[in-house]
Amino acid sequence: AAPPPPAAAERPAPPPSTTAPPPAAAAGRVKGEPVTDDPLEAADMALGDLAELMLFDLQWEIRLDENNALEVELGGEDAERLVAEDGKLLRSMEHLLPRLLRAKLGHSLPCSLDCNGFRELHESSLEAFAKRVAEEVRKTQRSRLLDPMTPADRRTVHVTLANDPTVETRSEGSGFTKRVRVSPA
């Protein structure tokens with residue numbers, strides 16, 4: 001049989017912590033207090049945090065549009081990884097960025113991320129898909145329920161088919177990703 005473990009007093013003390021203090025404490029700011037009031041600086045810091053967390057080599061250009069929404073163009077060695085699998089990582093970054101901005105600015109901002117023209121290609125592909133579905137619905141006179149989509153993708157489908165008098169669209173479901181039903185008008 002194995003000997004019993006040593007008593008607590010006999011156990012060696014754990015080594016002193018070597019971790020650095022959290023950034024908020026290191027900067028002398030109160031948790032929840034904004035780091036900056038400049039949205040471009042906050043976005044730059046947040047993107048740096050994301051790239052470091054993902055272990056990606058990325059560069060970015062950030063601008064504010066006329067509605068004070070951030071538009072970010074990503075590039076760099078790992079850019080292709082962002083748009084793989086239909087842009088899954090790019091979409092994830094776009095989802096996380098406003099939340100990170102809230103921590104840096106004290107509020108979030110709408111954000112749009114693009115990489116290597118992915119958005120334009122994706123939107124064109126989605127418009128073509130919506131038109132094919134509309135044609136199928138016209139021919140069969142049966143509605144079609146599409147796979148779950150992000151709000152931006154659903155909007156593209158709705159806008160693409162809005163002026164087609166032979167079909168109508170509506171979103172179904174709850175939560176972030178909903179499905180679009182294309183039905184005969």
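This note sets out points on a helix pair, a strand hairpin and a buried serine in a predicted model.

1. Helix H3, residues 79-105, packs against helix H4, residues 118-140. The angle between them is about 115°, and their axes lie 11 Å apart. The crossing of H3 and H4 is left-handed.

2. On the H3 side, the contact is formed by Val83, Asp86, Gly87, Leu90, Arg91 and Glu94. H4 contributes Phe118, Arg119 and His122. Sorted by class, the contact of H3 with H4 comprises 4 charged, 3 nonpolar and 2 polar residues.

3. Strands E1 (residues 59-64) and E2 (residues 70-75) are paired in the antiparallel sense, with 6 bridges between them. Within this pairing, Arg63 has Glu71 of E2 as its bridge partner.

4. The hairpin of E1 and E2 has 5 residues between the strands. In this hairpin, Asn68 adopts a positive phi near 60°. The backbone at Asn68 may therefore be examined alongside the pairing described above.

5. Ser183 belongs to strand E6, which spans residues 179-184. Is Ser183 buried or exposed? Ser183 is buried, because its relative accessible area is 8%, and the cut-off for buried is under 20%.

6. With neighbours within four places in sequence left aside, Ser183 is in contact with Val137, Ser143, Thr166, Val167, Glu168 and Arg170. One of these, Val137, falls in the range of helix H4, residues 118-140.

Technical notes: Residues numbered from 1 in each chain as written. Predicted model: local features only at pLDDT ≥ 70, side-chain atom pairs only at ≥ 80, totals over all residues. Heavy atoms only, no water. Axes fitted to C-alpha atoms, helices over the stretch in contact; angles between N-to-C directions. Helix = DSSP H or I, 4+ residues; strand = E, 2+ residues; numbered from the N terminus. Left-handed = near helix turned anticlockwise from the far one by under 90°. Contact = heavy atoms within 4.5 Å. Nonpolar A, V, L, I, M, F, W, Y, C, P; charged D, E, K, R; others polar. Buried < 20%, exposed > 50% of the residue type's maximum accessible area, 1.4 Å probe, protein only. Pairing = 2+ DSSP bridges.
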